Amino acid sequence: MSKSKNSRLKLYNTYTRHKEDFVAITPNFVKLYTCGLTVYNYAHIGNLRTYIFEDVLKRVLLYNGYKVKHVMNITDVGHLTSDADEGEDKMVLEAKKEKKTVWEIAEYYTNAFENDLRKLNIIFPDFHVKATDHIQQMIDLIKRLEDKGFTYSRDGNVYFNISKFTDYGKLAKLDIDKLKAGARISIDESKKNPFDFVLWFTKSKFEDQEMKWDSPWGKGYPGWHVECSAISMYYLGEHFDIHCGGIDHISVHHTNEIAQSEAATGKKWVNYWLHGEFLIFRQEKMSKSRNEFLTLDVLNEKGYSPMMYRYFCLGAHYRQPLTFSYEALNTAKSTYNRLVNKVIEIKSNIEHSKQNIEFIKSVKIEFLSKINNDLNMPEALAVLWKTLRTDEIGNKEKYGLILEFDKVFGLDLDKVEKLYIEEAKQKVDVKLVERLVKERDEARNRKEWTKSDKIRMRLVEMGIEVRDSRKGTTWKIKS
Ligand code: AMP
Ligand code: ZN
């Protein structure tokens with residue numbers, strides 16, 4: 001696709017704090033890594049906001065004609081309650097609470113997370129892989145760092161020595177000297193510098209740590225950060241295009257990932273760092289521990305489908321905080337319903353055609369310029385609405401554009417009728433409908449036409465269409 005300067009893909013790179021033209025390392029091919037979920041509980045809708053943003057990024061890359069190789073890890077070991085080696089082990093804590101093994105906890109919540117991804121129509125990563133299946137890659141990386149003098153062992157654990165890596169903290173623009181001067185003494189007194197981090201634990205704080213592996217430093221388990229470096233480099237190579245996560249990962253997790261990766265290879269690791277802003281709930285970042293625990297299933301039970309939540313997220317730019325409230329979600333729900341109705345209406349009269357090549361061309365260019373402007377989904381949605389409402393083209397042309405734009409939105413707009421009917425079916429009292437259909441049949445047999453008409457009217461009001469044939473009466477939900 002040849003593009004004008006305006007419609008070239010631009011992405012905001014946290015590393016440089018600038019919106020930059022995106023240039024892939026290999027033409028037409030993008031290597032993408034996104035940090036996965038720590039599978040000690042369900043994903044909350046804040047986590048899911050980040051995965052929706054990353055899905056939109058991937059869809060925009062695909063729309064621009066790139067092939068994408070996407071890798072995501074499953075954090076099933078090593079993540080402590082603080083991102084910086086302090087607190088309890090999240091997996092161990094939940095296993096104790098649920099009286100299960102850590103392995104069972106990981107499997108259960110990985111499945112639940114993957115189901116959420118499916119429900120949200122998130123394109124699955126090419127590799128969604130467990131940290132515990134990549135221990136050897138992590139050990140190899142730590143050995144490399146050890147050979148180059150970036151590590152030290154103290155009191156049974158292997159640490160990364162940040163003072164050996166001159167660029168430490170660049171991503172987060174950390175002023176290490178200033179921070180050091182003001183830093184409280186690190187809780188872990190074995191660290192030489194407060195920002196050093198554990199690569200390999202052998203001296204577990206947890207007597208009942210079940211996940212342990214042999215290593216050159218003794219039986220133990222990896223720190224959290226090392227998994228993303230080892231897994232991404234294993235699948236994507238030592239230099240790749242894009243790495244993403246939520247903004248909470250900038251200052252510790254991604255900072256440490258860069259340090260250990262670039263220290264090991266001696267070269268630049270990732271070209272573009274993209275970070276999604278938080279979903280805010282009751283004035284705070286939504287998190288598992290701090291406020292009401294809202295999952296996709298909780299929303300569904302309250303009458304908000306996954307697509308409604310996806311629509312809600314698309315309504316805000318990924319670099320803006322998004323405040324969750326039921327009021328705001330209700331607005332998204334009714335706009336989404338209006339969208340679905342409009343699409344159904346257009347489809348029901350699809351024969352109506354009015355060609356206007358100039359309009360189609362200009363609306364496509366406008367759409368591309370919005371999505372390529374650092375994934376501006378709110379403005380891209382406005383282009384979709386404009387397309388639905390215009391008189392410049394017919395339904396046939398509109399439907400073609402809807403399908404094209406939905407490659408990026410991922411709202412499953414080609415399946416809305418099905419979704420709509422499924423949803424309506426759930427609301428219909430099937431027993432009541434069948435009783436009324438039977439009563440109507442009996443009335444018709446007795447030639448009580450007024451009564452049978454009355455029953456038909458009642459069914460129509462319930463959104464049910466009845467068809468009489470020689471074989472009997474059938475009914476369906478009106479589409
Ligand atoms: P974790 O399992 O804690 O590593 O989180 C999984 C992903 O969700 C990470 O990319 C986090 O940055 C992101 N995340 C966590 N809390 C929120 C939130 N309130 N809003 C948006 N993203 C979040
Ligand atoms: Zn990560």
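Helices (H or I, at least four residues) and strands (E, at least two) on this tour are DSSP runs, numbered from the N terminus. The model is predicted, so to speak of local features takes a pLDDT of at least 70 and side-chain atom pairs count only at pLDDT 80 or more, while totals for chains, interfaces and linings use all residues. Residues are numbered from 1 along each chain as its sequence is written, and side-chain values use heavy atoms, with hydrogens and water left out.

**Stop 1: Arg-17.** Select the loop between strand E1 (10–13) and strand E2 (18–21), where you'll find Arg-17. Check its backbone: phi of Arg-17 is near 60 degrees, a positive value in a residue other than glycine. Most residues other than glycine have a negative phi. With a relative accessible area of 29%, Arg-17 is partly exposed (buried means under 20% relative accessible area, exposed over 50%, partly exposed in between, with a 1.4 Å probe and protein chains only).

**Stop 2: Lys-447.** Now jump to the loop between helix H15 (430–445) and helix H16 (449–461), home of Lys-447. Here too phi is positive in a residue other than glycine, near 60 degrees for Lys-447. Is Lys-447 buried or exposed? At 59% relative accessibility, Lys-447 counts as exposed.

**Stop 3: H6 against H7.** Show helix H6 (residues 225–236) and helix H7 (residues 250–265), which pack at an angle of about 50 degrees with their axes 8 Å apart. Axes are lines fitted to C-alpha atoms, for helices over the stretch in contact, and angles run from 0 to 180 degrees between N-to-C directions. H6 and H7 are therefore oblique to each other (under 35 degrees is roughly parallel, over 145 roughly antiparallel, 65 to 115 roughly perpendicular, the rest oblique). Turn on side chains for the contact (heavy atoms within 4.5 Å): on H6 pick His-225, Val-226, Cys-228, Ser-229 and Met-233, and on H7 pick Val-252, His-253, Asn-256, Glu-257, Gln-260, Ser-261 and Thr-265.

**Stop 4: the cysteines.** Stay on Cys-228 for a moment: it is buried, with a relative accessible area of 0%. Then select Cys-35, which counts as buried at 4% relative accessibility. How many disulfides does a search of the whole structure find? Zero, taking a disulfide as a pair of cysteine sulfur atoms within 2.5 Å.

**Stop 5: Lys-285.** Finish in strand E13 (residues 284–285), which holds Lys-285. Lys-285 counts as partly exposed, at 24% relative accessibility. Draw a C-alpha to C-alpha distance to Pro-321: the two are 9.1 Å apart in space and 36 residues apart in sequence.

Methods
Chains are lettered from A and ligands numbered from 1 in the order in which they are written.
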